[in-house]
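Open the model in your viewer and keep the selection tool at hand. Each stop below says what to select and what is there.

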Amino acid sequence: KFFHSNSSRKRKSLHLTMSLRVKANMRIKATGAMGTIKMENGHAAKIGDSWYHQDDLEVLPNMGSGPYHARFQQTMLRIKDPRVSVPFYEKHFGMKLIHWICFPEWKFTVYFLERPREGQHTPPCSMEKTGVENERYLNNMAGATIELTHNHGAETDANFKVWNGNTGGDADGELKSDEPKFRGFGHIAFNCDDVYDACAKLEAAGVKFRKKPDEGRMKGLAFALDPDGYWVEIVRRVKLGWPEYYNLSQTMMRVKDGPATARFYEKYFGMTVLRQMDMPQYKFTNYFLASVEPHELEAAMPLDPEERHAGGLNPVRPNSLTKVLWNVCLELTWNHGTEKDPNFKVHDGNAPPQGFGHIGFLVDNLEKMCAEMEADGVKMKKRPQDGNMRGIAFVYDPNDYWIELIDRKASFAGICSNY
């Protein structure tokens with residue numbers, strides 16, 4: 001009995017010691033604070049400026065970064081008909097329906113699609129059946145989804161049409177319109193090895209285009225149109241021999257103040273600016289941010305053919321990290337001078353005309369996160385305790401875009417009608 005007990009302790013100690021690796025994400029049990037291991041000596045780890053015994057730490061099983069262990073997880077788009085839009089993304093871009101949630105009380109259903117890696121296990125899901133296992137997968141995933149929101153009855157409403165984000169008073173030519181005054185969301189994107197081959201396949205399958213690869217001044221990239229008219233950018237990635245024809249790669253949003261918005265996502269969501277692409281001749285800058293853990297970034301850097309990253313990541317230097325990472329990027333487009341214009345305000349997509357709704361992050365300790373963000377001056381749309389939907393919250397970013405915060409422990413079982 002004594003030997004068995006001692007062996008159990010040894011096995012437990014070995015398990016914990018193996019978990020103490022530099023750059024691993026940990027939670028400090030006493031305070032709930034999260035951090036990354038800077039140093040370890042086999043039985044203790046340094047997080048921040050302090051050392052903690054392994055028994056005082058808990059390994060965080062999910063991928064995340066920043067003070068709240070956040071991971072970019074979703075982009076929400078309103079759609080007319082899920083029986084059209086879901087198959088479109090499955091057939092043409094290799095996406096997979098991983099979960100859906102029906103709220104008949106509020107007359108809407110949300111559908112989540114992911115482009116998983118080949119061989120990656122996802123719980124079975126169909127347009128007819130999903131369940132708690134799917135929800136658990138969705139709320140603990142490392143990848144990202146598009147969330148298609150269907151307001152019941154839209155599919156039979158002849159007048160229903162979404163706003164694709166690219167028409168407005170600040171647009172040019174045929175895209176110029178009275179409403180909204182300023183644009184906001186722009187597009188989602190998929191990367192592939194060969195843009196020309198991809199577009200030929202899409203065109204042969206009947207997919208419509210806003211821009212083909214050789215049209216316009218920007219050669220080699222294209223914009224397809226989904227069934228609701230949303231723009232889907234097709235971008236060339238670095239050829240790494242991936243078996244997946246496409247990977248979901250970005251969500252683009254126009255912002256009023258690029259540097260301030262980038263700092264916001266770095267501070268509260270632990271996002272990393274991979275690339276700051278300054279285009280002074282065209283008076284705009286694109287910031288590409290990703291939820292990326294240190295070990296993911298370290299693995300990606302040697303694959304970058306454009307920059308060696310000898311001194312570490314410098315986002316101002318041209319690089320191809322967005323084309324070698326599987327992680328989905330948030331692309332912030334800043335037109336220079338809007339930060340000084342008191343009348344400029346992006347359209348968030350939730351006031352008419354509607355289309356794009358929000359982006360979302362998985363987080364740990366939602367209540368603590370919201371309390372600290374609000375105390376720091378971040379505006380709240382919905383606190384965790386508000387309404388019937390617990391386990392989620394909404395905050396505003398500096399442009400008043402909605403950001404959904406989803407607690408990894410959240411569940412709508414018993415609130416929704418389908419599980």
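Select D400 first. With a relative accessibility of 18%, D400 counts as buried, because the cut-off for buried is under 20%. Keep in mind that this is a predicted model.

Now add K379. The side chains of K379 and D400 form a salt bridge, with 2.8 Å from N to O. K379 sits in the loop between α7 and β19, and D400 in the loop between β20 and β21, so the pair ties together parts 21 residues apart in sequence. Unlike its partner, K379 is partly exposed, at 46% relative accessible area.

Next, select the strands around this pair. β19 (380-382) is an edge strand, pairing on one side only. Its link to β20 (residues 392-396) consists of two bridges, and the two strands run antiparallel. Select M380 and look across to β20: V395 stands opposite.

Widen the selection to the whole sheet. Which order do its strands follow? Across the open sheet of eight strands, the order is β7-β8-β9-β6-β18-β21-β20-β19, and the pairing is mixed. The other edge strand is β7 (96-103). On average, neighbouring strands here are turned by 25° against each other, direction ignored.

Select helix α7, residues 366-375. This helix packs on the sheet and touches β18 (356-363), β19, β20 and β21 (402-407). The direction of α7 makes about 145° with that of β21.

Move to D364, in the loop between β18 and α7. Is D364 buried or exposed? D364 counts as buried, at 8% relative accessibility. Add R27: the two form a salt bridge, and their closest N and O atoms are 3.4 Å apart. R27 belongs to strand β1 (residues 25-28), so this pair ties together parts that are 337 residues apart in sequence. Add E58 and R408 to see a network of salt bridges that links them with R27 and D364.

For the last pair, select D170 and R183. These residues form a salt bridge, with the closest N and O atoms 3.1 Å apart. Both lie in the loop between β9 (145-151) and β10 (185-192), so the pair ties together parts that are 13 residues apart in sequence. R183 is buried, at 15% relative accessible area, whereas D170 counts as partly exposed, at 27%.

To finish, show every salt bridge: the structure holds 19.

Notes:
Residues are numbered from 1 along each chain as its sequence is written. This is a predicted model: local features need pLDDT of at least 70, side-chain atom pairs count only at pLDDT 80 or more; totals for chains, interfaces and linings use all residues. Side-chain values use heavy atoms; hydrogens and water are left out. Two strands pair if DSSP finds at least two bridges between them. Helices (H or I, at least four residues) and strands (E, at least two) are DSSP runs, numbered from the N terminus. Axes are lines fitted to C-alpha atoms, for helices over the stretch in contact, and angles run from 0 to 180 degrees between N-to-C directions. Contact means heavy atoms within 4.5 Å. A salt bridge is a side-chain nitrogen of Lys or Arg within 4 Å of a carboxyl oxygen of Asp or Glu. Buried means under 20% relative accessible area, exposed over 50%, partly exposed in between (1.4 Å probe, protein chains only).
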